[in-house]
Amino acid sequence: MSLHIRPIQASDDVRVQQIILQVGKEFGAIGEGFGPSDAEVAQMSQHYLAEQRSCYFVAELGGELVGGGGIAAFNHSADTCELRKLFILPQGRGQGVGRQLSQACLAFAKDQGYSRCYLDTLSNMDAAIALYHSLGFERLTQPLDGTIHNGCDVAMLKTL
């Protein structure tokens, strides 16, 4: 099946919200302190804008939207961005979707002049953590100051 990665469009917002909520629930990332509960989830295309040095990418596998992931400034930082809301439906896993989405996000981050990329995730997301390690992220002993996702128990950082 062919995989296509592209920037989000307003017409993708409802499906992307469904994916984020479904995968968040699957891994227990529900409620205060987790990405799926952020207000932006309802209209992702309105919150990831080029003029804000941010972009949210979606992945289509065989014409079906199966996931997404984004880059935005971390806590209004000029040099540190955050890999945000990378969620893949089960039918998109194990097929390189997460890797290609992550690579698109990291390439965008470099193009925007960020020097570091931060992320937080959950320790039960083993495949995601393995992917992030393979992409050069290193586990931190604590989250960066200013993270809003205090429900996450894994923090990682990569030099771009």
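**A tour from Thr 121 to the pockets**

Start by selecting Thr 121, which is buried, with a relative accessible area of 6%. It counts as buried because that term covers anything under 20% relative accessible area. The model on screen is a predicted one. Thr 121 has its place in strand β5. Now show what surrounds Thr 121: leaving aside its neighbours within four places in sequence, it is in contact with Ile 129, Tyr 132, Cys 152, Asp 153 and Val 154.

Keep Tyr 132 selected and add Ile 71, Leu 83 and Phe 137. These four have the most contacts inside the largest nonpolar core, a set of 28 residues. To see where this core comes from, colour the elements that give two or more residues to it: β2 (55-61), β3 (64-73), β4 (80-88), α2 (97-111), β5 (116-121), α3 (126-134) and β7 (154-159). Helix α2 provides the largest share of this core, with seven residues.

Next, centre the view on Phe 137. Which residues is Phe 137 in contact with, leaving aside its neighbours within four places in sequence? They are Leu 83, Leu 106, Cys 117, Leu 119, Tyr 132, Met 156, Leu 157 and Lys 158. Then select Val 16, Val 41, Tyr 48 and Phe 87, which are included in a second, separate core of 19 residues.

Now turn to empty space. Rolling a probe the size of a water molecule over the atoms shows where such space is left. The largest pocket holds about 630 Å³. To find it, select Leu 86, Phe 87, Met 125, Ala 128 and Tyr 132, which are the closest to its centre among the 34 residues that line it. Elements β4, α2, β5 and α3 each give two or more residues to this lining, and β4 gives the most, with seven. Colour the lining of the largest pocket by class, and there are 18 nonpolar, nine polar and seven charged residues.

Two residues from earlier stops appear again here. Tyr 132 has a place among the residues with the most contacts inside the largest core and is one of those closest to the centre of the largest pocket. Phe 87 belongs to the second core and is also one of those closest to that pocket's centre.

For the last stop, select Ala 72, Ala 73, Asn 75, Glu 82 and Arg 84. Of the 17 residues lining the second largest pocket, these lie nearest its centre. This pocket has a volume of about 370 Å³. Strands β3 and β4 each supply at least two residues of its lining, and the largest share, three residues, comes from β4. By class, this lining has four nonpolar, eight polar and five charged residues.

Key. Residues are numbered from 1 along each chain as its sequence is written. This is a predicted model: local features need pLDDT of at least 70, side-chain atom pairs count only at pLDDT 80 or more; totals for chains, interfaces and linings use all residues. Side-chain values use heavy atoms; hydrogens and water are left out. A nonpolar core is a set of buried Ala, Val, Leu, Ile, Met, Phe, Trp, Tyr and Cys residues joined through side-chain atoms within 4.5 Å. Buried means under 20% relative accessible area, exposed over 50%, partly exposed in between (1.4 Å probe, protein chains only). Helices (H or I, at least four residues) and strands (E, at least two) are DSSP runs, numbered from the N terminus. Contact means heavy atoms within 4.5 Å. On a 1 Å grid over the protein atoms alone, a cavity is a set of points where a 1.4 Å probe fits but cannot get out, and a pocket is an open set with protein on both sides within 12 Å along at least five of seven lines; lining residues have an atom within 4 Å of a point. Grid points are joined across faces, edges and corners, and a volume is the space filled by probe spheres set on the points. Ala, Val, Leu, Ile, Met, Phe, Trp, Tyr, Cys and Pro count as nonpolar, Asp, Glu, Lys and Arg as charged, and the others, Gly among them, as polar.
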